2 protein chains.
Amino acid sequence: MSHTGAIKPASDVSVAPLTGEAENIDFEFIELLFFAYRDFISDPDAILDTSGFGRAHHRVVHFVNREPGLTVAALLETLKITKQSLARVLKQLIDSGYITQVAGPEDRRQRRLYPTERGRELALALARPQSRRIAHAFEGLDEGGRAVVKAFLSGMINPAARPGAPDKTG
Amino acid sequence: MSHTGAIKPASDVSVAPLTGEAENIDFEFIELLFFAYRDFISDPDAILDTSGFGRAHHRVVHFVNREPGLTVAALLETLKITKQSLARVLKQLIDSGYITQVAGPEDRRQRRLYPTERGRELALALARPQSRRIAHAFEGLDEGGRAVVKAFLSGMINPAARPGAPDKTG
DNA sequence: TCGAATATGTCAGTTATGTTGACATAAATT
DNA sequence: AATTTATGTCAACATAACTGACATATTCGA
């Protein structure tokens, strides 16, 4: 393993590393985001492995805890998945007592979602290591640094869709 | 839809939004990361839908372009997936002419991976919208802001494993 | 009041991407 | 010559997404 460079192997082949200089493509941050998010998600994954749930359950438990009384439609809009996808994990979470459904007080077609005490504990257990990781990443940065990162991440997010836009929940 | 608060539906139910205040849990950044990464990944997804490839292909094409001559073992280590997982997408990328394999010049057991011209173009096409999104998120921030975000994202990433650590490539 | 629209649920089949386990081959190392 | 390493491959399986179709209860609008 002494040499490090690439050896040209054939004709229709690119041997130079793609740095993005020619087009000013920001490969550095593309990769930082990839690795940061992968490791960020690995913390709860380890916990979920134990309980038999997956990432899909994590997301549902998280948002139901953040906004108790959420309707199914609102949850679908937040997660941007289909109702058939949600149905499976939601059913498991309800059956195992992490989430309960309550008919909407004004619109009784709605099934408003609430966490049980158990669901609240799971949400906290999953969030703890992620929050610790974030705190670690902010070490050495001041309040201004926090504001900068918040501005950056906010700028990465798509503007919210107009309330009347078509959806894929059929 | 006149009321906004939650109505208490039963006994074993939490009705207050989970803010994380009690434990200082940083739900704000947990969600910022979730939405930022989801939208970040949606750009290439739209392109991939057209070509019949998926995210797994994207990652392979990306890293092979970034480091032409990469060995299969190095790629597996980077992606942290099993060789059986990689095999499927890598075969498709080779068969459709985006990547070529060349026996290692010093160790002929190795299959060093190179992008073809086509593969290089795909990598660029996938990276362009992501880079644009990053540039947009940096608007209004100076060079120091860039350094702050870089420090934050780097701090989110697990330290590299020791070179002799056990793996799951069996 | 009645028909249409809405909120949700469910059945059935498919796809993408990951997993484990077992085994094969060629080349390098000891 | 025997073992280890780098890679490939077959088979079975799990998760989580998808599309399409249809069912039910409730609300809303003409």
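In the predicted model, chain B is superposed on chain A by a rotation of 180 degrees with 0.0 Å of shift along the rotation axis, at an RMSD of 0.2 Å. The two copies are therefore related by a two-fold axis. Within chain B, the C-alpha atom nearest this axis belongs to Val149(B), at 2.8 Å from it. Both copies use the same surface for the contact, since 100% of the contact residues of chain B recur in chain A.

The interface between the protein chains draws 78 residues from chain B and 78 residues from chain A. Between them the chains bury about 7900 Å², of which 64% lies on carbon and sulfur atoms. On the side of chain B, the residues that lose the most area to chain A are Leu18(B), Arg66(B) and Met156(B), which together account for 9% of what that side buries. Arg66(B) also takes part in a salt bridge with Glu31(A), the side chains meeting at an N to O distance of 2.7 Å; the count of salt bridges between chain B and chain A is ten. Across this interface, 32 residue pairs are found in polar contact, both residues being at pLDDT 80 or more.

Several secondary-structure elements of chain B each supply at least two residues to the side that touches chain A, namely helices H1 (27-51), H2 (55-66), H3 (72-79), H5 (117-138) and H6 (143-156), together with strands S1 (99-103) and S2 (111-115). Of these, H1(B) gives the most, with 15 residues. Sorted by class, the side of chain B that touches chain A holds 41 nonpolar, 19 polar and 18 charged residues.

Turning to the nucleic acid, DNA strand D is surrounded by 25 residues, the closest of which come from both protein chains: Gly54(A), Arg59(A), Lys83(B), Gln101(B) and Arg109(B). Among the atoms of DNA strand D within 4 Å of the protein, 57% belong to sugar or phosphate, and the rest belong to bases. Phosphate oxygens of this strand are approached by a polar side-chain atom of Ser85(A), at 3.0 Å, by a backbone N or O atom of Ala73(B), at 2.8 Å, and by a polar backbone atom of Arg111(B), at 3.3 Å. Two or more residues of the surface near DNA strand D are given by each of H2 (55-66) and H4 (83-95) of chain A and by H3 and H4 (83-95) of chain B, and the largest share, four residues, comes from H2(A). This surface divides into four nonpolar, nine polar and twelve charged residues.

For DNA strand C, the residues that come nearest among the 25 around the strand are Lys83(A), Arg109(A), Arg59(B), Ser85(B) and Arg88(B). Sugar or phosphate accounts for 56% of the atoms of DNA strand C within 4 Å of the protein, with bases making up the rest. A backbone N or O atom of Ala73(A) lies 2.7 Å from a phosphate oxygen of DNA strand C, while chain B contributes a polar backbone atom of Ala56(B) at 3.2 Å from a phosphate oxygen and a side-chain N or O atom of Thr82(B) at 2.8 Å from a phosphate oxygen. The elements that each supply at least two residues to the surface near DNA strand C are H3 (72-79) and H4 of chain A with H2 and H4 of chain B; H2(B) gives the most, with four residues. By class, the surface near DNA strand C comprises four nonpolar, nine polar and twelve charged residues.

How values were computed: Residues are numbered from 1 along each chain as its sequence is written. Chains are lettered from A and ligands numbered from 1 in the order in which they are written. This is a predicted model: local features need pLDDT of at least 70, side-chain atom pairs count only at pLDDT 80 or more; totals for chains, interfaces and linings use all residues. Side-chain values use heavy atoms; hydrogens and water are left out. Copies are superposed by least squares on the C-alpha atoms of residues with pLDDT of at least 70 in both. Contact means heavy atoms within 4.5 Å. Buried area is the accessible area (1.4 Å probe) that two parts lose on being put together, summed over both. A salt bridge is a side-chain nitrogen of Lys or Arg within 4 Å of a carboxyl oxygen of Asp or Glu. A polar contact is a pair of N or O atoms within 3.5 Å; within protein, one must be able to donate a hydrogen and the other to accept it, and residues adjacent in sequence count only if both atoms are side-chain atoms. Ala, Val, Leu, Ile, Met, Phe, Trp, Tyr, Cys and Pro count as nonpolar, Asp, Glu, Lys and Arg as charged, and the others, Gly among them, as polar. A residue is near a molecule or strand if one of its heavy atoms lies within 4 Å of it.
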